[in-house]
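Reader: I'm new to this structure and would like a close look at just one part of it. Could you pick a strand, walk me along it and show me what sits around it?

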Amino acid sequence: MGLRKDFLWGGATAANQCEGGYKEGGRGLANVDVVPAGKDRGAVITGKMKMFDFDEDHFYPALEAIDMYHRYKEDIALFGEMGFKTYRLSIAWTRIFPNGDEQEPNEAGLKFYEDLFKECHKYGIEPLVTITHFDCPMHLIKEYGGWRNRKMVGFYENLCNAIFTRYKGLVKYWLTFNEINMILHAPFMGAGLYFEEGENEEQVKFQSAHHELVASAIATRIAHEVDPENQVGCMLAAGNYYPYTCDPKDVFKAQEEDRENYFFIDVQSRGEYPAYALKKLEREGIEIQMEEGDKALLKENTVDFISFSYYASRVASADPAVNAKTEGNIFASVKNPYLEASEWGWQIDPLGLRITMNAMHDRYQKPLFIVENGLGAVDVPDEKGYVADDYRIAYMAAHIEAMKDAVNLDGVDLLGYTSWGCIDLVSAGTGEMKKRYGFIYVDRDDEGKGTLNRSKKKSFDWYKKVIASNGEDLSI
Ligand code: BG6
């Protein structure tokens, strides 16, 4: 009984939400840089409002973020102190290829991550690297239209060649696309898609998704060729749908909603478009342009493990009158009357994590990896600057307990757990700093003011104990 001995405990971040340093080392501009905080953010990330550059009326939180670009040594030392076995981070594409379509990579960018990975290894921390976490070079968006263009596959392939070769021996766990299903909900942030008026958005999204799926298979192939030790995972914004009632119509609706997410993982893990997806695309008049060899490529290069984020379960109802919405990872679902919610309306459901894990393990029979989970909350430091975040500890303890049940009682094969935002960072959904997830407090506010100093919250020592006991001791 218990988690595996080599269980990968750790934390997760994404380049655009923590690095800052957006012009350092020859870095180019990316979509994530020009996404503002505030009221227009939703329209920009969904591709409805064109924002291809900065203007004076908006604040762009990614430009400085928490300045991890200059402070990563201090931050990794703190992760080491907590006993992290792994640190999930993402590579900023535009540090390696500032425009995206160059032939040769940018040495300064390659060197930055090489140093960072070496710093991790000093503390026995295994990097877990997301190749793209919502970022896409702006040049590729302006010139090629982002992932709607098949040429993106080749640009992504160049990126993979550069990083797999350079980081051989330093990195062995890779994720191809963060929350690949987010392309359906936040397509500018997910895939650099901006829609012209009257365009068939679903057609564009699914064609772009096909390009990403092909790119993901190519990445998996190259990773295995470069180093057979490499382990490649897909990444889903997960959380199973519950039917709102036992009315079969609600049950069917929940199944349909789950399939919309499973679609991506079905392709990445089983290697082919599932029958239900082909039928749906046909019904909706969506035609996917495939190139010769795509089907074989997908079939022959399936992922080694399945990673996912889990914050909340979701609810589906066939009745349009049942429309009280709750928030969630960028997309909203029907409110579950049995659950409490966070300050941002994300419903809290630890058992839902076990349900989600079981559903995925039953479906794919591959190892799982929880690469995001956590509570976004307002933290109020006391007069000494200390945050006693018992609410965060309670959330995490309950989810880790449910995760252990999935392993110990249901037999799920689980590689690791990296909590989201192990250090406070910019929120992807809202652009706020005050939506904090970390064990480490960062002195910065929503307007970008603050010293950027780091300090340990109560959860820091708690998580250290959890890791040291391999998840046995969850007590406060
Ligand atoms: C996931 C993303 O959607 O959820 C992260 O992969 C994101 O980038 C996280 O930060 C939490 O969402 P939010 O909106 O609270 O930052």
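Author: Let's start at Glu-372, which is found in strand β11; helices (H or I, at least four residues) and strands (E, at least two) are DSSP runs, numbered from the N terminus. In UniProt, an unreviewed entry lists Glu-372 under "active site"; positions from that record are given in the numbering used here, its feature names are shortened, and its annotations may be inferred rather than shown by experiment. Keep in mind that this is a predicted model, where local features need pLDDT of at least 70 and side-chain atom pairs count only at pLDDT 80 or more, while totals for chains, interfaces and linings use all residues. Residues are numbered from 1 along each chain as its sequence is written, and side-chain values use heavy atoms, with hydrogens and water left out.

Is Glu-372 buried or exposed? Glu-372 is buried, with a relative accessible area of 4%; buried means under 20% relative accessible area, exposed over 50%, and partly exposed in between (1.4 Å probe, protein chains only). Leaving out residues up to four places away in sequence, Glu-372 touches Arg-88, His-133, Asn-178, Glu-179, Met-235, Phe-308, Ser-309, Tyr-310, Tyr-311, Thr-418 and Trp-420, where contact means heavy atoms within 4.5 Å.

Now widen the view to the strand. β11 covers residues 368-372, and five of its five residues are buried. On one side, strand β7 (residues 305-310) pairs with β11 in the parallel sense over four bridges; two strands count as paired if DSSP finds at least two bridges between them. Two of the matches are easy to find: Ser-307 stands opposite Phe-369 in β11, and Phe-308 has Ile-370 as its bridge partner there.

β7 is mostly covered too, with six of its six residues buried. Phe-305, Ser-307 and Ser-309 point one way from β7, while Ile-306, Phe-308 and Tyr-310 point the other way, and all are buried. Go one strand further and you meet β5 (residues 231-238), which runs parallel to β7 and is joined to it by six bridges. Here Met-235 has Ser-307 as its bridge partner in β7.

Back to β11, which also pairs with strand β12 (residues 414-420), again in the parallel sense, over two bridges. Ile-370 turns up once more, with Tyr-417 as its bridge partner in β12. To get from β11 to β12, the chain crosses through helix α14 (residues 390-408), and this β-α-β crossover is right-handed; that is, with the strands pointing away from the viewer, the path from the first strand over the helix to the second runs clockwise.

β12 holds one of the contacts of Glu-372: Thr-418 lies in this strand. Thr-418 is buried, with a relative accessible area of 0%. Not counting residues up to four places away in sequence, its contacts include Phe-369, Ile-370, Val-371, Glu-372 and Asn-373. Among the others that Thr-418 touches are Gly-10, Gly-11, Ala-12, Thr-86, Arg-88 and Leu-128.

β12 is also part of what covers the buried residues of helix α15, and that cover includes β1 (8-12), α3 (68-82), α14, β13 (440-442) and β14 (454-456) as well. In α15 (residues 458-468), the buried residues are Ser-459, Phe-460, Trp-462, Tyr-463, Val-466 and Ile-467. Seen down the axis, they fall within an arc of 165°, so they line one face of the helix; the arc is that of the directions from the helix axis to the C-beta atoms. After α15 comes Asn-470, whose phi is positive, near 50°.

Finally, let's look at the nonpolar cores. A nonpolar core is a set of buried Ala, Val, Leu, Ile, Met, Phe, Trp, Tyr and Cys residues joined through side-chain atoms within 4.5 Å. The largest one has 152 residues, and Tyr-463 is among those with the most contacts inside it, along with Phe-79, Tyr-167 and Met-403. Helix α9 (residues 201-226) gives the most to this core, with 11 residues. A second, separate core of nine residues includes Phe-369 and Val-371, together with Tyr-173 and Leu-175. That brings us back to β11, where Phe-369 is the residue opposite Ser-307.
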